[in-house]
Amino acid sequence: MLHNLHVKNLALIEEAEVDFSKGLNILSGETGAGKSIIIGSIGAAIGEKASKDMIRKDADYALVELVFSVDEQVRRKLAAMDILMEDDQVILTRRISGGRSIAKINSESVSASKLREAASLLIDIHGQHEHQSLLNEKNHLQILDAYAKREYKGLKEKLSDAYHEYIRVKHELNEASLDMEQRARELSFLQYEAEEIEHAALTAGEDEELEMQYRRYANGKQIMGSIGQVYELTSENGAAQMTGHAVLEIAKISAYDEKVRQLEEQLTEIDNLLNDFNRELSGYLDDTDFDEERFYEMEKRLDLINGLKAKYGDTIEKILSEYEHKLERIEKLSDYDAYLSGLSQKLEIKETELETLCKKVSAIRQKQASKLSKKIKSALIDLNFLDVQFEISLTRKKEYTASGYDEAEFLISTNPGEPVQPLTKIASGGELSRIMLAIKAVLADCDEIGTLIFDEIDTGISGRTAQMVSEKMNVISRDHQIICITHLPQIAAMADTHFLIEKQAINNHTHTSIRKLGSDESVTELGRMLGGVKVTNTVLKSAKEMKDLAVATKNSQSEKNR
């Protein structure tokens, strides 16, 4: 049940809050007052398309929030979606800004698809033109399946899986129908690729180990090159030779001058240090092993592996997996007749499985179509179709689908003696509206959705028909919360709770507001709906009589159902 609607900065609504009640909630108001905005705000909150144009002028964002209570069955389904209760409530929030919209369930951000999935368990909106969907025969099968869903018990899911598997095998068989020349070309190319991978003799993780060794060798080569050059510059053929000659030369004159003798000592020390340095450098060169041939082989191996990665996959594991696929394909192409024969047999098996499931689903549909037809006929009689015939025709399609092979069509006759004909050919707009209401009423009996919204479902009806529609609304509202926008006083009079939607101009700004009406205010609003601009005492008296009649009708219907 929807307990509360909070709207802020949406279209003409600056801020509004509505507490809905059980039973039949009626929303009425002048044309253009903003009734569609209320339904639009609820639609936005449950994941329907929301545009930044919906944001009220001069506001940065728009916000809609819905607060629901749910029964245990819906609670379990929400828990399966990882949605937990918050104070025994479910709160759906949608914030719309110039950049993007943010959806939340119980303060946790969710995707728009998850918001719609959760909302589908909580509320169903019947828009102004939804009855036009009855003109599309594809929807007739969906309505029948919605009625029969409890009978399927997972059968339709199995049917869908079987259909997709059948299509997969069928597609594989079609793709496999190659001519001899194509097969030979493909086989030759596959054998070349498989041999290329096989000759590489790859092992998992080999590339990572090689790359690590290569980096070490690559740096080692640079080190050895530099160290070798340093040794050449400082050894007996370089600086060491020069300093040795310098020591011999300065020794010739060191005895003649104390200062020169000191310089000789320093030079001798430098010569010793350089010789020690060269001995250590030579030892480093002798102890360090750099295998040029090994480095070259390593480079070649990495080039080979990287070439295979570029062709077959970016890891050795993917290359080896691709190799296995190629071997399987080679085996198929090498013994192609056996492969095709196996596929044909497999397709026959899949088609037999699919046909069996289709028959089971079709049998359920045939049985439930008869029941649904009778219930819809009864509901149509309640809606002032005095002599109506209604049938659901099921025929077999030429092709299978994920829903089976059935095609459903609603047939109706609204005149005595006239044969039933396709609904799409004979129903008027007002009749379609009532037929959809009849269908909704029947489906509501087997539906777990607690809240149903009807947006001007009374289009194209009046008088006695309007009265009977109001009585049907009252019947549905005994087991479901109904929120209905209407312009007909007969329906508004049946309200358990009546709300008025008004539009006002305040400080050169237009505002739409919604408020709950008391008993006397509700009668006044009925008077406006009856009498138009001028509500006279006579009109008010008629409105009061209409309200009293509605109360008496509700009490009478309640007595019948006790």
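How many bridges join strand β5 to strand β6, and in which sense do the two strands run? Before I answer, please keep in mind that what we have in front of us is a predicted model. In this model, five bridges join β5, which covers residues 90–97, to β6, which covers residues 101–105, and the two strands run antiparallel. To give one pair from this ladder, L92 has I105 in β6 as its bridge partner. As a reminder for the newer members of the group, the strands of a sheet pair through backbone hydrogen bonds, either parallel or antiparallel.

Let me now place these two strands in their sheet, which is an open one of six strands, with antiparallel pairing and the order β2-β1-β4-β5-β6-β7. At its edges stand β2 (13–19) and β7 (108–110), and because each of them has a single partner strand, one side of each is left without a neighbour in the sheet. On average, and ignoring direction, neighbouring strands here are turned by 15° against each other.

Two helices belong to this part of the picture. Helix α1, residues 35–45, packs on the sheet and touches β1 (2–10), β2, β4 (61–68) and β5, and its direction makes about 100° with that of β1. Helix α3, residues 112–119, lies across β5, β6 and β7, and runs at about 45° to β6.

I would like to turn next to another set of paired strands, and to begin with β13, residues 481–485. Five of its five residues are buried, so this strand is largely enclosed by the rest of the structure. In a regular strand the side chains alternate between the two faces of the sheet. In β13, Q481, I483 and I485 point one way, whereas I482 and C484 point the other way.

Which strands pair with β13? One is β12 (residues 451–455), which is joined to β13 in parallel by five bridges, and here L452 stands opposite I482. Another is β3, which also runs parallel to β13, over four bridges, and in this case L24 stands opposite I482.

From β3, residues 24–28, we can move on to β14, residues 497–506, since these two pair in the parallel sense over four bridges, with L27 opposite F499. Strand β14 is in turn joined to β15 (residues 509–516) by eight bridges, this time antiparallel, and the bridge partner of I506 is H509. Two residues lie between the strands of this hairpin, where N507 takes a positive phi near 50°.

Conventions
Residues numbered from 1 in each chain as written. Predicted model: local features only at pLDDT ≥ 70, side-chain atom pairs only at ≥ 80, totals over all residues. Heavy atoms only, no water. Pairing = 2+ DSSP bridges. Axes fitted to C-alpha atoms, helices over the stretch in contact; angles between N-to-C directions. Contact = heavy atoms within 4.5 Å. Buried < 20%, exposed > 50% of the residue type's maximum accessible area, 1.4 Å probe, protein only.
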